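Reader: Could you take me closely through one strand of this model, with its neighbours in the sheet, and then add a helix packing and a single residue elsewhere for context? Please give the cut-offs behind each term as you use it.

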Amino acid sequence: MTSIFMRISRHCHCLKSSLLHPTQGAFLATVSVIFLLFSACSDHHLTTTATLHKGQYTYKGQVDKGQYQGYGILTFKDSVVYCGQWKNGKRQGYGWIIDPEGRKINGVWNEDTIVSGTFTDSLGTYKGELDSLYRPHGHGIFIGTDGSYYNGDWSKGKRNHFGCGLTAKNKLKVGDWRNDTYRGERVTYTAERIYGIDISRYQHGKGRKTYPINWSRVRISHLGTISRKRVNGTVNYKISFCYIKSTEGKSLRNKFYLSDYRQAKAHGIHCGAYHFFSTISPAAQQARFFLANSKFQRGDFPPVLDVEPTSKQIHAMGGTNVLFARIRTWLRIVQQHTGVRPILYVGQSFVNRYLPLAPDIKRDYMIWIARYGEYKPDVRLIYWQLCPDGRVSGIRGEVDINVFNGYSDQYQQFIQNETIK
């Protein structure tokens with residue numbers, strides 16, 4: 001045992017003298033002592049320690065048959081290239097380096113290649129898989145100095161594919177990422193999701209020819225071709241809810257509304273009514289017209305205001321302040337009458353361009369959005385109209401297909417808490 005401790009002492013002395021910072025040297029010496037004691041007690045064998053020179057490279061540590069083996073430090077001139085475990089002359093196991101950007105990376109190596117590690121820079125701290133250039137690659141977690149957070153997939157140093165993130169303002173972002181940009185949640189369509197349709201007089205034909213809806217046959221048979229979608233299995237989906245256009249402006253009624261409402265409910269489909277907003281009619285008159293010509297029975301879904309103005313129409317009515325003042329009027333009157341908060345139906349361009357100008361509406365009202373893309377929209381979403389060109393057995397022509405934002409549990413909670421009492 002005397003010879004063992006003498007060699008440990010010499011080894012610690014070599015480690016301390018090779019490092020610039022005395023505290024760091026003491027730490028590494030302690031790690032080395034533990035490693036040597038472990039080797040001596042478990043294997044009854046101790047590799048030799050040595051200092052090897054090759055050009056401007058210097059290795060100090062354990063060797064076996066002339067190869068780096070065990071614990072050692074490789075330096076280039078006065079800089080540490082690698083400090084940690086070796087096997088057969090290659091980095092293997094735990095160690096640390098200083099990368100070309102000056103970051104200290106504590107990592108795990110396999111066959112001289114880094115596998116995973118942890119580093120901190122001015123942006124934050126990363127822990128996870130790395131590529132050979134010390135970039136995040138694979139799965140990793142990043143905590144930003146600004147309080148942001150990301151846990152997910154990386155590629156060549158950037159967030160790519162699926163991940164869960166929080167912004168510095170605690171906004172949740174779960175879904176697909178591309179080159180550090182959040183794209184949204186990519187929905188996969190299956191029979192387990194909750195589907196609905198919205199219809200108007202156009203589902204009964206155009207002009208003089210009219211066609212009935214065969215409510216005993218209605219099932220979604222196609223999700224349209226206007227956008228890319230991920231579909232698992234055959235599209236043959238139950239229709240759980242149906243919104244029917246009731247009124248438009250202050251004088252237009254859908255003559256098929258009442259019969260469609262009664263038939264849909266008779267076939268076990270939850271119903272709701274929607275009103276198409278006019279920019280040229282007073283909002284209070286529109287609200288009263290809608291209430292007078294629509295049904296609101298127990299269990300019916302919240303009424304909807306369909307807002308689809310053009311920029312020219314908004315300008316003609318006096319601008320966005322006037323637009324949102326009228327929208328608020330309609331929503332308030334209808335809520336007072338029905339006892340439930342209405343839902344706002346808008347398109348993605350309206351969300352991008354105008355909705356940020358009415359933060360109270362964006363905050364307080366659920367959104368039904370028309371968005372024909374792969375990714376779930378980033379709003380207070382309740383329904384997503386995923387295509388305008390779907391197909392439904394029992395209905396002639398194209399039909400708007402919608403999906404509820406959630407699964408069975410959330411859907412039942414919505415029915416219990418948000419429908420008309």
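Author: What follows begins with the strand, goes on to a pair of helices and ends with one threonine.

This is a predicted model, in which local features need pLDDT of at least 70 and side-chain atom pairs count only at pLDDT 80 or more, while totals for chains, interfaces and linings use all residues. Residues are numbered from 1 along each chain as its sequence is written, and side-chain values use heavy atoms, with hydrogens and water left out.

Strand E6 spans residues 104-110; strands (E, at least two residues) and helices (H or I, at least four) are DSSP runs numbered from the N terminus. Ile105, Gly107 and Trp109 make up the covered face of E6, whereas Lys104, Asn106, Val108 and Asn110 lie on the uncovered one. On one side E6 pairs with strand E5 (residues 90-98), antiparallel and over six bridges, where pairing requires that DSSP finds at least two bridges between the strands. Within this pairing valine 108 of E6 is the bridge partner of tyrosine 94, and the hairpin has five residues between its strands, with glycine 102 at a positive phi near 85°. E6 is also antiparallel to strand E7 (residues 113-120), through five bridges, and here glycine 107 has glycine 117 of E7 as its bridge partner. The hairpin of E6 and E7 has two residues between the strands, and glutamate 111 takes a positive phi near 55° there.

Turning to the helices, H4 (residues 283-292) packs against H6 (residues 320-338) at an angle of about 35°, with the axes 8 Å apart; axes are lines fitted to C-alpha atoms over the stretch in contact, and angles run from 0 to 180 degrees between N-to-C directions.

Finally, threonine 419 lies in the segment that follows helix H9 (408-418). Why does threonine 419 count as buried? Threonine 419 does so because its relative accessibility is 3%, buried being under 20% relative accessible area, exposed over 50% and partly exposed in between (1.4 Å probe, protein chains only). Leaving aside residues up to four places away in sequence, threonine 419 touches Gly299, Asp300, Phe301, Val340 and Phe414, where contact means heavy atoms within 4.5 Å. Proline 302, although 117 residues away in sequence, is 5.7 Å from threonine 419, C-alpha to C-alpha.
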